[in-house]
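This briefing concerns the nonpolar core, the largest pocket and one buried acidic residue of a single model. Please view the sequence and structure below before reading on.

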Amino acid sequence: MTSPHIDIFTDGACSGNPGPGGWGAILRSGKHEKEISGGETATTNNRMELMAVIRALKSLAKPSIVIVHTDSRYVMDGATQWMKRWKANGWRTSDKKPVKNNDLWLMLDEAAAPHQVTWRWVKGHSDHVENSRADELARAAIETVR
């Protein structure tokens, strides 16, 4: 049996940084599409960018072939370049400081584990339809936690 192919489009937003924040994600498989979002009262933009991907991956019912589309270099570079080194260094940076948002990086690592994940960067606020919609979801989620 083949694994489902899923496209995930994510974005995070914050009103103030830190401040109230929201995240949004669109999950698409063939003709099927689902939107999810959520927010927190006191957070940062980077935490919301991470939460969008974490929640989207955790919402998948079975191991899948996933393409995550994000406008966050922080999330993409962390997942594709930095995380392996952080894990090897006991979740410390190259200058021996604790990794920021370590709790969410651990959650992302766990959420991604059952899947075959490919990362794609999209330029934010550039009329990319799904990125714009994920941004709308994230901004609307902020209003639910104010």
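The points below are grouped by topic.

The model is predicted: local features need pLDDT of at least 70, side-chain atom pairs count only at pLDDT 80 or more, and totals for chains, interfaces and linings use all residues. Residues are numbered from 1 along each chain as its sequence is written, and side-chain values use heavy atoms, with hydrogens and water left out.

**Nonpolar core**
- The largest nonpolar core (buried Ala, Val, Leu, Ile, Met, Phe, Trp, Tyr and Cys residues joined through side-chain atoms within 4.5 Å) has 30 residues, of which Ile8, Leu50, Leu57, Trp105 and Leu108 touch the most other members.
- At least two residues of this core come from each of β1 (5-14), β2 (19-29), α1 (45-58), β4 (65-70), α2 (73-88) and α3 (102-112); helices (H or I, at least four residues) and strands (E, at least two) are DSSP runs, numbered from the N terminus.
- With 8 residues, α1 supplies the largest share of this core.
- Leu50 is in contact (heavy atoms within 4.5 Å) with Tyr74, Val75, Asn101, Leu104, Trp105 and Leu108, not counting residues up to four places away in sequence.

**Asp135**
- Helix α4 (residues 129-145) contains Asp135.
- Asp135 counts as buried because its relative accessibility is 12%, where buried means under 20% relative accessible area, exposed over 50% and partly exposed in between (1.4 Å probe, protein chains only).
- Asp11 and His125 are touched by Asp135, not counting residues up to four places away in sequence.
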